[in-house]
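This report considers how strands may be arranged within a protein chain. Please examine the sequence and the structure shown below before reading on.

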Amino acid sequence: MTMQFGIFSVGDVTTDPTTGRTPSERERIKAMVAIALKAEEVGLDVFATGEHHNPPFVPSSPTTMLGYIAARTKTLTLSTSTTLITTNDPVKIAEDYAMLQHLADGRVDLMMGRGNTGPVYPWFGQDIREGINLAIENYALLRRLWREDVVNWEGKFRTPLQGFTSTPRPMDDVPPFVWHGSIRSPEIAEQAAYYGDGFFHNNIFWPSDHTRRMVEFYRTRFAHYGHGRPEQAIVGLGGQVFMRKNSQDAVREFRPYFDNAPVYGHGPSLEEFTRETPLTVGSPQEVIERTLSFREVAGDYQRQLFLMDHAGLPLKTVLEQLDILGEEVVPVLREEFAKGRPADVPDAPTHASLVAADEAAKAAAAAGTDAGAGAGTTAGASTTDDKEKETAR
Amino acid sequence: MSKLVVVSAGLSVPSSTRLLADRLAQATAGRTGAGIQVIEVRDLAVEIAHNFTNGFAGRDLAAAQQAVAEADGLIVVTPVFSASYSGLFKAFFDVLDQGALDGKPVLIAATGGSARHSLVLDHALRPLFSYLKAVVVPTGVYAASEDWGAEGLPERVERAAGQLAALMAGPARLPAARTAQEDDPAVVRVGELETVPFEQALQALRRPS
C-alpha cells in the first residue's frame, strides 16, 4: 500500500433540498455508521468523523461512534476530522483514544484541529483568542501522557498533574499516529513539522495555490527539524466529489444539493466552485484526473480523504457514490499514484509500521550503546529523531 | 516609483465618485510622481459577495487586495448611502487581510447629493480607517453635487493631496506591524507564510503569565 484512501464526515443533519426531508439525529448517526461500514466493504482504508458540539451536527462523541464501528469492521483505520485539541481535556483525549486503540487492535489515528465554532470555546471554559496556544500546550501534554508512564505537569491552561498515569497505556507502548489539520495557520503546520507528525490540509473550499503554500511550508519545516527530506513529510489532503457514469447526469443530479448546501450554497455557481476548488462533479474518469492533479500541488502524499455525505444527500445516494469510489476510482488512483513515486517517500503510518519503527529504533539504540557509536539505520529514522527530542526535553 | 492605489466605490458610469477619485489621484501623483492604480469596487462586487460565502478571494479581488497591501498610499472614495459609506465600499474593506492597512497613509473622500451628509467623512470613514490602523490624512474631501459648479473643491483637493503626498514621502510614515516582524530574525518564512519557530511558541507558554 502506498497511499491511503478514505472518507471524512462532518456529521451534519441537512435537509434534502430535492425532497424537503430532514433526517432525525438517530437516522444520521446510523447513516454515518452505514457509510463507514460501506467504506471498508468497497476497499477504502480510512473513515474519519468530525467532532462538533452544536446542532445541526451529531458527532459530539467520536470515540463512542468509532468504537462501535471498530467492532463491526476488520481493516478500516478509524480517525477523526478533527479532534478538538483546544477545548477537550488532553487527559481525556489520551485516555479515550488509547482505549479505542486497544479495542480496534491499533486501527486508530487522530487529526488534531482547533474547531471553527466560536462559542464552543466558552462552552468548554476556554478563550478562543488562545486557540493556537491551547493547541500547542494541550498537544504537548497529550504526547507526554502517551509516552511517559508517570507525568508531573504544570501549564497555563489546565490543572497541574502530579504523579498521573493515563490509562490504559497505548497499545504496544506506541501511541496512535497524529495528523494536524489546519486550513490557514502556519503555526499549526510548524507544530506538525516540529514533531514529525502528519499535516492534513483540508483543501476542499480553497484554491490550489493556497494548499501549495501551506504544504510547502510544512514540508520545508519538517526537513528543518531533521525528520527527513521535504518530500518525505506526511501529507494528507481532502477532496469532495459527486459522480455518475455520464458527467451531465452528475451535474444535473448534484446541482440542487450544491445550490442549497449550508456551506457553499447561494454563493458562486457550481461551475465557478469546481473551477476554483477541488470539488469535482462528473464522471469517475474526471474525478480520477482531478485527484491525480493534487500531486502537482502537494507532491507525493500519503492520505486522500473524500467528503461524500454532505449537502443533504440521502444515504442511498451516498452509498452508491461509495460503490463508484471504491470500485472505479480508488483502484485506478492507487495504481497511478504509485507510478513515479520515489521509493523513499514513506507510506502513511499505521500501527504496524510505527511498532516496527519503534523496535528498529530501540535495536539501533541498543547497538549504538554496545558499539559506543550511533548506528544509523534508515528504517524509522524519523521516529528515532522524534523519540530523542522527546527524551531530551 | 511609489504606488498610489485608488479605491473608488461609485456605481454609475460615469460616476462623480470616480471623478473625485481621479482629481485626488492626479493632484497626489503630481506631487509624488507615484504610479496610479484604480480599483473600481463595482467590478469586484460579485467576487466580494463570494468571498463572504466562500472564505477566499477570487482572482480579480485577490489582485486588488494585493495592490492595496503593496500601496504606499491609498485614496478611498465612496458615495453616501443611508447616512454612511455604501455597503459595497465597506464590504471591500471587510474582506481585506488583517493588517493590510497598518500604518498606511489613507486619504478619505465621499460624494453625495447635497452638503447635508458631509460629516460622513468624520462620523463613518475616519473611525473605520482608524480601526484598520491606517494613518488618515487630516483633510477629508466631500463633494456634493453643487460643489461641481462652485468654488472651493479644487482647494480642498489640493490641500488633501498635499497632505497625502507628505505622508507618503515623509518621515511620518509609520512602520506597520508586519514590517517590524520582517526585521525579526527569529521569524520563520517559507514563501509568503511565516510564523515563530515552534520552540519559541512553546517557551512563551512556560513563562508565568
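## An enclosed strand

In chain A, strand β10 covers residues 235-243, and nine of its nine residues are buried, so the strand is largely enclosed by the rest of the structure. Here a residue is called buried when its relative accessible area is under 20%. The model under discussion is a predicted one.

The burial concerns both faces of β10(A). On one side lie A:Val235, A:Leu237, A:Gly239, A:Val241 and A:Met243, which are all buried. On the other side lie A:Gly236, A:Gly238, A:Gln240 and A:Phe242, and these are buried as well.

## The neighbours of β10(A)

Which strands pair with β10(A), and in what sense do they run? One of them is strand β9 of chain A, residues 198-201, which pairs with β10(A) in the parallel sense over three bridges. Within this pairing, A:His201 is found opposite A:Leu237 of β10(A).

Strand β11 of chain A, residues 280-282, also runs parallel to β10(A) and is joined to it by three bridges. There, A:Phe242 has A:Val281 of β11(A) opposite it. Strand β12 of chain A, residues 303-307, is likewise parallel to β10(A), and five bridges join the two. Two positions illustrate this contact: A:Gly236 stands opposite A:Arg303 in β12(A), while A:Gly239 has A:Phe306 as its bridge partner in β12(A).

## A second enclosed strand

Is β12(A) buried or exposed? Five of the five residues of β12(A) are buried, and therefore this strand, too, is largely enclosed by the rest of the structure. A:Arg303, A:Leu305 and A:Leu307 point one way from the strand, whereas A:Gln304 and A:Phe306 point the other way, and all of them are buried.

Besides its pairing with β10(A), β12(A) is joined by four bridges to strand β1 of chain A, residues 4-9, and these two strands run parallel. The bridge partner of A:Gln4 in β12(A) is A:Arg303. A:Arg303 also stands opposite A:Gly236.

## The domains of the chain

At a broader level, chain A is divided into domain 1, residues 4-347, and domain 2, residues 350-393. The C-alpha centres of domain 1 and domain 2 of chain A are 29 Å apart.

Definitions and conventions:
Residues numbered from 1 in each chain as written. Chains lettered and ligands numbered in written order. Predicted model: local features only at pLDDT ≥ 70, side-chain atom pairs only at ≥ 80, totals over all residues. Heavy atoms only, no water. Buried < 20%, exposed > 50% of the residue type's maximum accessible area, 1.4 Å probe, protein only. Pairing = 2+ DSSP bridges. Domains from an automatic or database assignment.
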